[in-house]
Structures are given as C-alpha cells and as structure tokens.
Amino acid sequence: MARGKIQIKRIENATNRQVTFSKRRNGLFKKAQELTVLCDAKVSIIMCSSTGKVQEYVSSSTTTKQLLDEYQRRLKIDLWSSQYEKMQKNLKNLKEVNINLKKEIRQRLGESLNDLSLKKLSDLEQDVDNCLRIIRERKLRAISGQIVTHRKKVRREEEENRKLRNGFVSISFSLIINAKEEDQHYELVDNEGHYDSVIRFQNGGPGIFALRLQPNEALSSQWMSIHE
C-alpha cells in the first residue's frame, strides 16, 4: 500500500514528536554518511532537539571547525566578528569595574584621598564605620560562641572530676572495710594530727575526711609483752 501523505505541521503529542525526531534524525545522518562515502564530500550536520540536546554528525575526514573555517574563506565572511565585538565590550566593562574596585580598596586603606570631595569623604567614612560595626558584631558573636564552648568544657571537666573523687573515696572506704573484715585486730579511727596517712586531694574537697587503720589496745599490749 502506498504511504499516506503526512501533513507538515508541529506534532502536538510530545512522545510522538520525539519518536519522529529520532527516526528522521537517523535517516538524515544515514544520508549524510552515504553522501560522504559515495561523493567524497565533507558534511557536517548540527541540530538541537526540543529537549535541548545537541545532535551532530561530521564526516570522518574533517571537523566542524574546519568546515566553518572553510565556509568563511569561500564566502569571505567572518562568522565570529559580532561575537568578538561583544566579548571585547564585555572585557572593557570588566576592566573598568576592576579599576574602580582597586581604587575603592586603596581609599578604604586611607590612600588616594586627594581627589575626593567632602561629600565623598563623608560617604567613605560612613562606609568604613558600617564595616567596622559589622566586624565588631561578628567578633562578639565569635567570642560569645567560644565562651559558651569553654564553659561547657569546664562543666564537663568539673563533672568528670567530681565522679573521679567520688569513685576514689568509695574505693578507699571499700579497701578499709575489707582490711578490717580480714583482720579483726585493726579498727577505724579518726586521723587527727597524723597528716602523713591522710587521704587528701590536691585542692581538697567538701565532705572529704581522713581515716586510717590502727591496731587495737589488746593487740598492742600483747606485742609489747612479747618484745619485753
């Protein structure tokens, strides 16, 4: 059956439009390849789909740039002149901005002030004051953050120190009680005046008191009678 004529207009359905694009693109690239091989021609095809993707075909014996350069030579035109002019204009604007910024930096450092009017000097002074205010605020926030961090660290260290002291006291009491249970000849007494055996900490501490083991009187008398 003969193929029906297709009305040349935009395909509204996105899926059908993409399928048609893919089929016709492949057919166009195939024809370009046949033309390259059969006729020894240099062919370059560049197309952009509705989705923004760039599709390109170029003969294996050349590149797209070489074809564009040859196109310019043959037609004696410059494809890049307008683009070059835009780039030169943009470069000029950027240079002017750079010069103004450097001048402003020198003025903020107290240099190149001779050409400034009174109003410009006042504006510059106001700008510097605003910058200093912002810097001070930022500095205060940084200092406040460091203070909070150090306070938290101090609290953690104090809590750790308290736990260590409590643990040390508990261990000391446990050792004394175990010693008493193992040998009934020893008893717990206050260590008043005997600082050589006092359990103390470097900075002292609330609720810390000294204990020591002392032989009871019966054992002391027996020991003295044996040595006499």
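This passage describes the fold, core, salt bridges, surface and selected residues of one protein chain in a predicted model.

The secondary structure of the chain consists of five helices and four strands. In sequence order these elements give the pattern α-β-β-α-α-α-β-β-α. The chain has 228 residues, of which 12% are buried. Its accessible surface amounts to about 20,000 Å², and carbon and sulfur atoms contribute 55% of that area. Among contacts with a separation of 6 or more, 36% join residues that are 24 or more positions apart.

Helix α3 covers residues 81–108, a run of 28 residues. The distance from its first C-alpha to its last is 41 Å, close to the 40 Å expected at 1.5 Å a residue. Gly110, just after α3, has a positive phi of about 90 degrees. Within helix α3 lies Gln107. Gln107 has a relative accessible area of 13% and counts as buried, because the cut-off for burial is under 20%. Apart from neighbours within four places in sequence, Gln107 makes contact with Ser112, Leu113, Leu116 and Leu124.

The largest nonpolar core is made up of six residues, namely Phe29, Ala32, Val43, Ile45, Met47 and Tyr57. Helix α1 (14–39) and strand β1 (44–48) each provide at least two residues of this core. Within the core, Ala32 touches Val43, Ile45 and Tyr57, when residues up to four places away in sequence are not counted. Strand β1 also contains Cys48. Cys48 has a relative accessibility of 56% and is classed as exposed, because that class begins over 50%. With neighbours within four places in sequence left aside, Cys48 is in contact with Lys53 and Val54.

Six salt bridges were counted in the model. Side chains of opposite charge can pair when their charged atoms come close. One of these bridges links the side chains of Glu12 and Arg10, with an N to O distance of 3.2 Å. Both Glu12 and Arg10 are exposed.

A further salt bridge joins the side chains of Glu70 and Arg74 at 2.9 Å, N to O. Glu70 and Arg74 are separated by about one helical turn, because they stand four residues apart in helix α2 (residues 64–75). The two partners fall into separate accessibility classes: Glu70 is partly exposed, with a relative accessible area of 23%, whereas Arg74 is exposed at 65% relative accessibility.

In helix α4 (residues 118–182), Arg162 and Glu159 are three residues apart, so about one helical turn separates them. Their side chains form a salt bridge with an N to O distance of 2.4 Å. Arg162 is partly exposed at 37% relative accessibility, and Glu159 is also partly exposed, with a relative accessible area of 32%.

A nonpolar patch on the surface is formed by Leu68, Tyr71, Leu75, Ile77, Leu79 and Trp80. Together these residues have about 530 Å² of accessible area. Leu79 is located in the loop between α2 and α3. Its relative accessibility of 33% places Leu79 in the partly exposed class. This value also lies above the patch cut-off, because residues of a patch must have over 30% relative accessible area.

The loop between α2 and α3 also holds Lys76. Lys76 is not a glycine, yet its phi is positive, at about 55 degrees. Most residues other than glycine have a negative phi. Lys76 is exposed, with 76% relative accessibility. Asp40, likewise not a glycine, has a positive phi of about 55 degrees. The position of Asp40 is in the loop between α1 and β1. At 68% relative accessibility, Asp40 is exposed.

Technical notes
Residues are numbered from 1 along each chain as its sequence is written. This is a predicted model: local features need pLDDT of at least 70, side-chain atom pairs count only at pLDDT 80 or more; totals for chains, interfaces and linings use all residues. Side-chain values use heavy atoms; hydrogens and water are left out. The expected span of a helix is 1.5 Å times one less than its number of residues. Buried means under 20% relative accessible area, exposed over 50%, partly exposed in between (1.4 Å probe, protein chains only). Contact means heavy atoms within 4.5 Å. Accessible areas come from the Shrake-Rupley method with a 1.4 Å probe; for residues, only the protein chains shown count as cover. A nonpolar core is a set of buried Ala, Val, Leu, Ile, Met, Phe, Trp, Tyr and Cys residues joined through side-chain atoms within 4.5 Å. A salt bridge is a side-chain nitrogen of Lys or Arg within 4 Å of a carboxyl oxygen of Asp or Glu. Patches are made of residues with over 30% relative accessible area and no salt bridge: like charges are joined within 9 Å, nonpolar side chains (Val, Leu, Ile, Met, Phe, Trp, Tyr) within 5 Å.
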